[in-house]
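Subject: Structure for you to look over

Dear colleague,

I am handing over the structure we spoke about, and I would be glad if you could read the notes beneath it with the coordinates open beside you.

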Amino acid sequence: MALCQAFKAEGWFVIATGRSTNQTTSSDFDAFIPADLNEIASSPEKATEFTSKVSEYTAQSPLKALINNAAIQILGSTEDLKPEDLTLSFNVNVLAPFVLTQQFLEQLTANKGSILNIGTVHAQATKAEFPAYATTKTAMHGLTRSLAVDLGKKIRVNTLAPAATETPMLKAGFEGKPEAYQELADAHPIGRVADVSEIAKAALFLCSDNASFITGATLYADGGVLSRLHDPC
Ligand SMILES: NC(=O)c1ccc[n+]([C@@H]2O[C@H](COP(=O)([O-])OP(=O)(O)OC[C@H]3O[C@@H](n4cnc5c(N)ncnc54)[C@H](OP(=O)(O)O)[C@@H]3O)[C@@H](O)[C@H]2O)c1
């Protein structure tokens with residue numbers, strides 16, 4: 001929601017999406033189109049249907065950016081994860097962004113637009129129980145680079161890769177565990193996790209004309225965590 005707020009505050013016409021239909025109107029966005037990215041990845045009909053709905057709005061307000069922010073994070077050890085967990089993760093985190101790129105390429109090219117994929121530090125350094133998430137998000141980082149090369153003369157494509165960010169999901173995971181939360185904050189050289197507005201500001205930059213020569217890039221908004229060597233000595 002922070003992304004929607006930040007882009008709207010800068011005058012963008014914001015179309016949000018997600019599976020849940022309990023908040024389809026909000027001052028944070030201009031339109032909401034319910035969609036399941038797993039379905040968009042698996043069904044050409046669903047993908048076209050979604051594109052048609054978006055195009056009803058972009059006929060008036062030309063499409064300048066596609067932000068692939070939605071993701072699924074299935075945690076589990078290598079022994080416990082099921083192949084279906086990897087398939088679902090791949091569909092939502094990689095294949096849907098690719099299908100949406102195909103769907104909106106013409107509009108984005110016509111409007112000198114760009115794509116922003118929201119990646120993660122897990123594409124560089126991860127931890128136990130993250131094979132489904134880290135593997136598919138790493139593929140998303142690769143998708144950015146390959147699309148930037150393949151579509152170089154048409155659109156810009158970048159990745160913004162945050163470290164721990166204070167989203168409702170993160171806060172819920174640490175409810176009743178203030179010490180663990182503090183440990184997480186301390187692990188970042190900057191001494192805290194990111195505020196959602198900090199990630200949104202970086203997203204705004206990458207989608208703006210100020211980033212006009214930036215494509216194929218991965219911007220790590222990581223509070224320095226990837227630079228720290230975890231050495232027990
Ligand atoms: N929070 C962090 O610490 C952190 C750190 C690094 C990177 N990131 C990245 O930042 C992005 C946002 O993360 P978050 O923390 O805001 O996660 P979140 O709270 O779990 O939000 C994920 C969003 O994805 C949507 N979504 C999930 N599955 C979907 C599906 N099949 N179809 C359509 N929408 C779907 C959800 O909406 P519905 O439930 O309505 O479908 C929700 O809006 C993700 O790409 C994540 O990998 C987050």
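What follows is a short account of helix 4 and of three helix pairs.

Please keep in mind throughout that this is a predicted model.

Helix 4 runs over residues 83-110, and at 1.5 Å a residue its 28 residues should span 40 Å, which agrees with the 39 Å that separates its end C-alpha atoms. The helix also bends by about 55 degrees, and the bend is placed at phenylalanine 104. Just after helix 4, lysine 112 takes a positive phi of about 50 degrees.

One partner of helix 4 is helix 5, residues 131-150, and the two pack at an angle of about 15 degrees with their axes 8 Å apart. Because angles under 35 degrees count as roughly parallel, helix 4 is roughly parallel to helix 5. The crossing of these two helices is right-handed. On the helix 4 side the contact is made by Leu86, Ser89, Phe90, Asn93, Val94, Pro97, Phe98 and Thr101, which meet Pro131, Ala132, Tyr133, Thr136, Ala139, Met140, Leu143 and Leu147 of helix 5. Sorted by class, the residues of this contact are 12 nonpolar and four polar, with no charged residue.

Helix 4 also packs with helix 3, residues 44-58, here at an angle of about 35 degrees and with the axes 10 Å apart. Helix 3 passes helix 4 in a right-handed crossing. From helix 3 the residues in contact are Ala47, Thr48, Phe50, Thr51, Val54, Ser55 and Thr58, and from helix 4 they are Val99, Leu100, Gln103, Phe104 and Gln107. Phe104, where helix 4 bends, is thus listed in the contact with helix 3. The contact of helix 3 with helix 4 divides into six nonpolar and six polar residues, again with no charged residue.

The remaining pair is helix 1, residues 2-9, with helix 8, residues 196-207, which pack at an angle of about 50 degrees with their axes 9 Å apart. The two are therefore oblique to each other, and helix 1 passes helix 8 in a right-handed crossing. Ala2, Leu3, Ala6 and Phe7 of helix 1 make this contact with Val196, Ala200, Ala203, Leu204 and Cys207 of helix 8. By class, the contact of helix 1 with helix 8 has nine nonpolar residues, no polar and no charged ones.

With best wishes

Methods. Residues numbered from 1 in each chain as written. Predicted model: local features only at pLDDT ≥ 70, side-chain atom pairs only at ≥ 80, totals over all residues. Heavy atoms only, no water. Helix = DSSP H or I, 4+ residues; strand = E, 2+ residues; numbered from the N terminus. Expected span 1.5 Å × (residues − 1). Bend = angle between axes of the 7 residues up to and from the residue. Axes fitted to C-alpha atoms, helices over the stretch in contact; angles between N-to-C directions. Parallel < 35°, antiparallel > 145°, perpendicular 65-115°, else oblique. Left-handed = near helix turned anticlockwise from the far one by under 90°. Contact = heavy atoms within 4.5 Å. Nonpolar A, V, L, I, M, F, W, Y, C, P; charged D, E, K, R; others polar.
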